[in-house]
Amino acid sequence: MTRLIRDPRIVALILGAAALSGAALLVPLPGPRQIQEWAASVGPAFPLLFFLVHALVTVAPIPRTVFTVSAGLLFGPLLGITLAVSATTVSAALAILLVRRLDRARVAARLTHPAVRAIDDRLARRGWLAVGSLRLIAAVPFSVINYCCGLSSIRFWPYLVATLLGVLPGTIGTVILGDALTGTTHPAMLVLSGACLAIGLAGLLADARWKTAPVASTEPVPVPD
């Protein structure tokens, strides 16, 4: 760990992530009504612009809820869900690729503790289960999962498919119900959030108790006479 802290590039990454997190907390995000006004001023190209902004902005640790709610308000259920889910998935892909492009190999080379190696090996084997489960739990920050997966050995496509499936229930519920528009939470949204939480925790428990199959031996089996 001390070696990591002494590496100026690693320190720069940590400080950059901290700065983005601080900016996400301090910079006021536009409300759905304000976004609706922007949509009227942009015209027919707004769905594409909305997709691009959603995908790029949420690579940083910025809450995506305002985009998800706005998608339902601006585009209706079908197009709204399509834009929100696809932009979220693209954002997750960009985040993991960015982390790995910056310095993932150097960080991973210094994480030599056996416990860390064991977790990394589990993510490489079946990280899709952990990622999909965490995506279902609304309290777990979306961007934090992206960054941690970028530093792990999880394979890209299982990570992306698990992200797509994991964000579907919550995104669909938020787009359709639009609980943030009225300042109150629709009862159905509470039920959906509770169900997603239960499924996510069950998936994490199953992953923790799922024993990795032993590697098959390559030595020849003796044949009895």
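At what angle do α5 and helix α9 (residues 156-177) pack, and how far apart are their axes? In this predicted model, the two helices pack at an angle of about 155 degrees, and their axes lie 9 Å apart. Because angles over 145 degrees count as roughly antiparallel, α5 and α9 are roughly antiparallel to each other. The points below take α5 (residues 65-102) as their centre, beginning with the helix itself and then turning to its partners α4, α8 and α9.

**The course of α5**
- A straight helix of 38 residues would span 56 Å at 1.5 Å a residue, whereas α5 spans only 27 Å between its end C-alpha atoms.
- Within α5 there is a kink of about 130 degrees at G76, and the proline P77 follows shortly after this point.

**Packing of α5 with α9**
- α5 and α9 cross in a right-handed sense, and the residues that form their contact comprise 18 nonpolar, nine polar and one charged.

**Packing of α5 with α4**
- Helix α4 (residues 46-57) crosses α5 at roughly 40 degrees, with the axes of the two helices coming within 8 Å.
- At that angle α4 and α5 are therefore oblique to each other, and their crossing is right-handed.
- The contact of α4 with α5 is made up of 17 nonpolar and five polar residues, with no charged residue taking part.

**Packing of α5 with α8**
- Helix α8 (residues 142-151) packs with α5 at an angle of about 40 degrees, and the axes of these two helices are 8 Å apart.
- This angle makes α5 and α8 oblique to each other, and α5 passes α8 in a right-handed crossing.
- On the α5 side the contact is formed by T88, S91, A92, A95, I96, V99 and R100, which meet F142, N146, Y147, C149, G150 and L151 of α8.
- By class, the residues of this contact of α5 with α8 are eight nonpolar, four polar and one charged.

**The three partners together**
- The relation of α5 to α9 is roughly antiparallel, while its relation to α4 is oblique and its relation to α8 is likewise oblique.
- A right-handed crossing is found for α5 with α9, for α4 with α5 and for α5 with α8.

Note on methods: Residues numbered from 1 in each chain as written. Predicted model: local features only at pLDDT ≥ 70, side-chain atom pairs only at ≥ 80, totals over all residues. Heavy atoms only, no water. Axes fitted to C-alpha atoms, helices over the stretch in contact; angles between N-to-C directions. Helix = DSSP H or I, 4+ residues; strand = E, 2+ residues; numbered from the N terminus. Parallel < 35°, antiparallel > 145°, perpendicular 65-115°, else oblique. Left-handed = near helix turned anticlockwise from the far one by under 90°. Contact = heavy atoms within 4.5 Å. Nonpolar A, V, L, I, M, F, W, Y, C, P; charged D, E, K, R; others polar. Expected span 1.5 Å × (residues − 1). Bend = angle between axes of the 7 residues up to and from the residue.
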